[in-house]
Structures are given as structure tokens and as C-alpha cells.
Amino acid sequence: PISREIFQNICGFSASPDFLDISYAEQNKEKFDAILMSQVLEHMSFSENPVNLIKMLLKKNGIVCISVPNHRSIFARVLGQKFPHFIPPEHVNFFSSKGLDAVFHNRGLTCIKSATSGRIQQIKILRSHWILVFLLTYPCKAFDLVINFFGLGMFINKVYRKIE
């Protein structure tokens, strides 16, 4: 309830408190023009195949915007099991950009936009050393631009369209 209230205040409309399952998808078939799933898909069991359910919910040409941790990011590669988003059993799915595309493409959704993102939290890390924060701000921003250009940012952000 608190998250939905925050969402309402920020976005100006209500988020559904319902669970995404076959019953919900059948009741709301082809009802939505857009679905936003930020930091959700990595938590969902694929036993009911949430991508099929998403497809059922979308109208023709509807879009779904997805953001998930990038387990092929430079951070995941360097940190391995210490990567902050490698947290089983809370996260039950671990995605790469290609893997995410395969999951959606195999269910008839086409990727229309793809990017990675993630900022180095130099201010959080160096909070007590303001001069270091000042000196590192631009190099950190440059590093972020480079890793995101090569698709190695901490999060995968994708938009898929239902064509059929």
C-alpha cells in the first residue's frame, strides 16, 4: 500500500494491487496500452510464464517497459556473487540483454528500445570527503557514459511492442 501511494503521488494515477496471474490476465485481456515493470521480472516465477500474461494484457501495438538488473554488467562481472543484485532467493531470474530479448521475442514481442543504465554512487561512497566527490564527479559520469554505451550498465531497460 505504501508503494502504491508513493506511485500515485508521483505519477498521478493508481497502481493495481492485483497479482499478475492467469486469472487476472484473462479478466483484463487486451485492456492495456502500456505496462511498466521496473525491478519486477527478476522476482517472478516463470511457472505461469509472466511474459505470456503480459502479452495477453496488452492491446495490439501495446508496449511493456522493463527494467531488470543486468547480470552481464561490468559490475556483475567484477563483483561476481557480491554483485548487489545477486540475491537469491529474492531474485529468482537473472537476465542479460540477449536473454531478455529471447524471452520476449519467443512470445511474440519485439524490442523497440534498449539501453543500460546505472550511476556510480560516488556521493554515497565518499560522503564525508566532499573534495573527492567534487574531483570524481565528472570522471564517474564519463565512466557511466562509456559502460552504458557498450551495454554494460547495472540495469537493462527495454521497451517491447506487441505486434500481433
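**Notebook: core, rings and backbone oddities**

I looked up the contacts of F104 and found that F104 touches L41, V51, V64, I66, L109 and Y160, leaving aside residues up to four places away in sequence. I note here that the model is a predicted one.

I then turned to the nonpolar cores. The largest has 21 residues, and those touching the most other members are L41, V64, I66, L100 and F104. I checked which elements supply two or more residues to this core: the helices and strands listed are α2 (22-27), β1 (32-38), α3 (50-57), β2 (58-69), α5 (97-105) and β4 (155-162). Another core, of six residues, lies apart from the largest one; I noted F75, A76, F83 and I147 among its members.

Next I went through the aromatic rings. How many aromatic pairs does the structure hold? I count six from the listing. I wrote down two of them.

The first entry is F104 with Y160. Their ring centres are 4.1 Å apart and the planes meet at 5°; an angle under 30 degrees counts as stacked, so this pair is stacked. F104 sits in helix α5 and Y160 in strand β4, 56 residues apart, and the pair therefore links distant parts of the chain. I checked burial too: F104 and Y160 are both buried.

The second entry is F149 with F150. This pair is edge-to-face, with 5.1 Å from centre to centre and 90° between the planes. Are F149 and F150 buried or exposed? I found both exposed.

Last I went over the backbone. Most peptide bonds are trans, and most residues other than glycine have a negative phi. I logged the exceptions below.

- The peptide bond from P88 to P89 is cis, and its omega is near 5°. I placed P89 in the loop between α4 (74-79) and α5.
- E30 is not a glycine, yet its phi is positive, about 50°. I located E30 in the loop between α2 and β1. Its relative accessibility is 45%, so I entered E30 as partly exposed.
- N61, also not a glycine, has a positive phi near 70°. N61 lies in strand β2, one of the elements that give two or more residues to the largest core. Why did I not enter N61 as buried or exposed? Buried means under 20% and exposed over 50%; N61 has 41% relative accessibility and therefore counts as partly exposed.

Definitions and conventions. Residues are numbered from 1 along each chain as its sequence is written. This is a predicted model: local features need pLDDT of at least 70, side-chain atom pairs count only at pLDDT 80 or more; totals for chains, interfaces and linings use all residues. Side-chain values use heavy atoms; hydrogens and water are left out. A nonpolar core is a set of buried Ala, Val, Leu, Ile, Met, Phe, Trp, Tyr and Cys residues joined through side-chain atoms within 4.5 Å. Buried means under 20% relative accessible area, exposed over 50%, partly exposed in between (1.4 Å probe, protein chains only). Helices (H or I, at least four residues) and strands (E, at least two) are DSSP runs, numbered from the N terminus. Contact means heavy atoms within 4.5 Å. Rings of Phe, Tyr and Trp (its six-membered ring) pair if their centres lie within 6.5 Å; planes under 30 degrees apart count as stacked, over 60 as edge-to-face and the rest as tilted.
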